[in-house]
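Reader: I would like to go through the contacts in this model one by one. Please keep the answers short and end each on what was asked.

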Amino acid sequence: MGDSTPFVELRGVTKRFPGVTAARDVSISFFRGKVHALLGENGAGKSTLVKIISGIYAPDDGQIFFEGHPVRLHAPVDAERHGVAVVHQHRTLVNDLTVAENLFLGQLGPCWSVFRRANWNSRAKELLATVELDVDPSTPVRDLSPAEQQLLEIARAIGRNARFIIFDEPTTSLTPPECEVLFAQIRSLRERGLAIVYISHDLEHALALSDEITVLRDGAVVAHEVGLKDVETVVRHMIGRTLDAGYPRTRTASNDEVLYVSDLRSSRLNGVDLQVRRSEIVCIAGLVGSGRTELLRAIFGLDRFEVGDIRLKGSAFTPRSPRHSIDAGLGFVSEDRKQQGLVLELGVSANLVLGNERPLGRLGFISSAREKSLVQNAIQSLRIKASSPRTQVGTLSGGNQQKVVLGRWLARSTQLLLIDEPTVGIDVGARAEFYRLLDEYAAAGGSCLIVSSDLTEVLGLADRVVVMRDGASVAEMERSEMNRENLLRAMTTVAA
Amino acid sequence: MSTSVVKESKGTGLSLRSLLMKSDAFGGTALAALVIICLVLTVLEPQFFTSSNLLNVGRQAAVLVIVSCGMTMIILSGNIDLSVGSALALCAVVGASLATAGGLDAVSTIGLVIALGALIGAVKGALIAWAGINSFIVTLGMMTVLRGAALTFTGGYPIAGVPDDVRYLGFGIVGGFPVPLIVASVVFVAVALLLSKTVLGRHIYAVGGNETSSHIAGVPVAWTKFFTFTISGALCGLAAVVLLGRLGAGLPTSAQGLELDAIAAVILGGASLFGGRGSVFGTLFGALILAVLQNGLNLLGVNSFIIQILSGTIIILAVLLDRVRAGSSR
């Protein structure tokens, strides 16, 4: 079994859903000892292919071959038996169980057998060593960092004799150094002769890591290249056109101070100082856990802080609740738009006016004419793609969902937007549009305080960067001083 | 040839499902079930589909419809209320006492009973909204507290002799229509308007759909819960007045198990037990299904113990159907 027989091969695979063909005559080969990156915008068909290979969907047409033999997968267990494992962007671990229990969940034997903790723990240690994860097997999973959980998932896959591992957006919640650890593990899996599929929106990393790439668009393969390292070419394949300048800059920051934060302290914050001026976009860079999200939540009144001063437009401000902060002109876009932004069951319209219904009516009744006109305006100016204003927001793509959250704040007279990870899980085309909207907002006199783990995004968006480490602001850089090395150094080193 | 046939039948199956899904927003499934049950009963028992019997069903269903409308708001907001039956009993005995021993006139009695209902609802709402206790626990406790209060208040005996003018809402007839039916209709329309047209209604759906998102968007989450329980409580008070009128006496043991019927009506109407999805139209059909079944099976001479078995089975079947529908939309 040399390199000539692919470990998994798709031949002419097609999958249709009502109204959309999610995979169109797809033929791809995945080889042992290779990392194969699967790239494409949201909705290009990557997840559909993953679900077909892992036995969740059955293809309407075409065949799947494992090691040269045609195979029919009826359920995920069939795929697992052939050595397929998926490491998801949404982790599938049970938070309250221990590391060891998670590793062997489903393999613990019949339900009447006795659970010998010591036994399993020692087996767990061996497995953890293969991914160089140094944690006690009896730790509950909820105490692990996202990066450690990711490694645990890999260990679990190895423990189940996986020979084909699919990584679906594995770096979404990892910091740059944690990504490096993950990449080292993926490379060592490749050395051991596993076939790896790597799916990510982070094109630079995907290209650096992969041996070959396949680009999907609208469910079909549009390009397959070996050894390509050029992001521009991939982006062109992905969207079928060249991207305009990614980060428009029509705004000019004024000197009027909008937000002033001084020595903010809480259980998670350790002294933060920063200012945001009118028409300015300030980014906060820092590792996950450095207190970035906590800072935004404290300013918005979601968490309490113990010490410190906040001033809005020069006057003292003590946030009491989101409602109170909103009335003072603040808006908050969470990193988790599904859990902390939208009400997925409700329509686009109801989500756009959520919390802002009162001005739309009288005596507690909502005027549907006024709601309609406000919503039409928002849908047009933000170019939200939805079949109707009543469409359930949960059915929209990530980019359009994010526009709905943004639109809600733009429809109010929000003066300062606090945004946590603005483009997480959003495809390239929609990102560019989102950046344009933020620039327009700032040019019209708004200000943004943005947390981002994506350094490219920070460098492109920010007029100024504040770096956080261990809950404190540790550095501040003007646009002229910003570059990848400076940022990374400030984020990671202990006091220069 | 055979494959094309299979594909075609698959296609119609899908469209039927999607039809069910679309109509569900207005309780379409429950309406269809109601119509089918009525048809079957009409065929089996000629007495069923007569105006006198149908008005009778309406009269009997009035209390359940009023309470279920309130329960719809509570379930849509992501909560539950297990204490509506006990609250109703307490309101009824207090009302009976005010009208007899207290000697109050009808309007003050009715007003005070509704106010008492609202107060009970407000207490539950405050505990849930600001003390942050789960509504299941708060209302489980209140179920016993309120029932105990009703029994203590009367020493366990019914309070009879309620004057006719107090009984009007449960007993009266206007132009051939039973007044309780009119009261229930007004409540239904009011709650339907509240849920679809008002800010509070929008907030009830939003809080039930996703409390965190709503909080961040500036929705007054705690007040929304508080008002939901207060309004539902006032409806319990109104339902108590109707029940008092029908029975002519305040019974501390009345309306036992009413909370379960009300929850069943809401769920039959297609609402999600987890909040955010459902409508008061569905609830109306759900409540009518329960009332029609009870009445029709009675007419058919079915043993009342068997009726219990059948009602329960229908509830489970309806939820099973709901699951199938949810599965197809995934």
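Reader: How many residue pairs are in polar contact between chain B and chain A?

Author: The model is predicted, and side-chain atom pairs count only at pLDDT 80 or more. With both residues held to that limit, the count of pairs in polar contact between chain B and chain A is 12.

Reader: Which helix of chain B supplies the largest share of the side that touches chain A?

Author: Two helices of chain B, α9 (199-209) and α10 (211-216), each supply at least two residues of that side. By class, the side has seven nonpolar, 10 polar and two charged residues. Six residues, the largest share, come from α9(B).

Reader: Which residues form the salt bridge across the interface of chain B and chain A?

Author: The rule finds one salt bridge across this interface. The cut-off is 4 Å between a side-chain nitrogen of Lys or Arg and a carboxyl oxygen of Asp or Glu. The closest N and O atoms here are 2.9 Å apart, so the pair qualifies: B:Arg202 and A:Glu371.

Reader: What area is buried between chain B and chain A, and which residues of chain B lose the most?

Author: The contact involves 19 residues of chain B and 27 residues of chain A. About 2000 Å² is buried between the two chains, with carbon and sulfur atoms giving 63% of this area. On the side of chain B, 34% of what is buried comes from the three residues that lose the most area to chain A: B:Val199, B:Arg202 and B:Ile216.

Reader: Within chain A, how far apart do the C-alpha centres of domain 1 and domain 2 lie?

Author: Chain A is divided into domain 1, residues 8-239, and domain 2, residues 257-492. The distance between the C-alpha centres of these two domains is 32 Å.

Reader: How many salt bridges and polar contact pairs are counted between domain 1 of chain A and domain 2 of chain A?

Author: In this domain contact, 13 residues of domain 1 meet 14 residues of domain 2. The two domains bury about 1100 Å² between them, and 67% of that lies on carbon and sulfur atoms. For salt bridges the count is zero, and for residue pairs in polar contact, both at pLDDT 80 or more, it is also zero.

Reader: Which helix gives the most to the side of domain 1 of chain A that touches domain 2?

Author: In chain A, α6 (176-191), α7 (203-209) and α8 (231-239) each supply at least two residues of that side. The one that gives the most, with three residues, is α8(A).

Reader: Which residue in the turn between β21(A) and β22(A) has a positive phi?

Author: Strands β21 (residues 464-469) and β22 (residues 472-478) of chain A pair in the antiparallel sense over six bridges. A:Arg469 has A:Ala472 of β22(A) as its bridge partner. The two strands form a hairpin with two residues between them, and the turn residue with a positive phi, about 50°, is A:Asp470.

Methods
Residues numbered from 1 in each chain as written. Chains lettered and ligands numbered in written order. Predicted model: local features only at pLDDT ≥ 70, side-chain atom pairs only at ≥ 80, totals over all residues. Heavy atoms only, no water. Contact = heavy atoms within 4.5 Å. Buried area = accessible area lost by both parts, 1.4 Å probe. Polar contact = N/O pair within 3.5 Å; in protein donor to acceptor, adjacent residues only side chain to side chain. Helix = DSSP H or I, 4+ residues; strand = E, 2+ residues; numbered from the N terminus. Nonpolar A, V, L, I, M, F, W, Y, C, P; charged D, E, K, R; others polar. Domains from an automatic or database assignment. Pairing = 2+ DSSP bridges.
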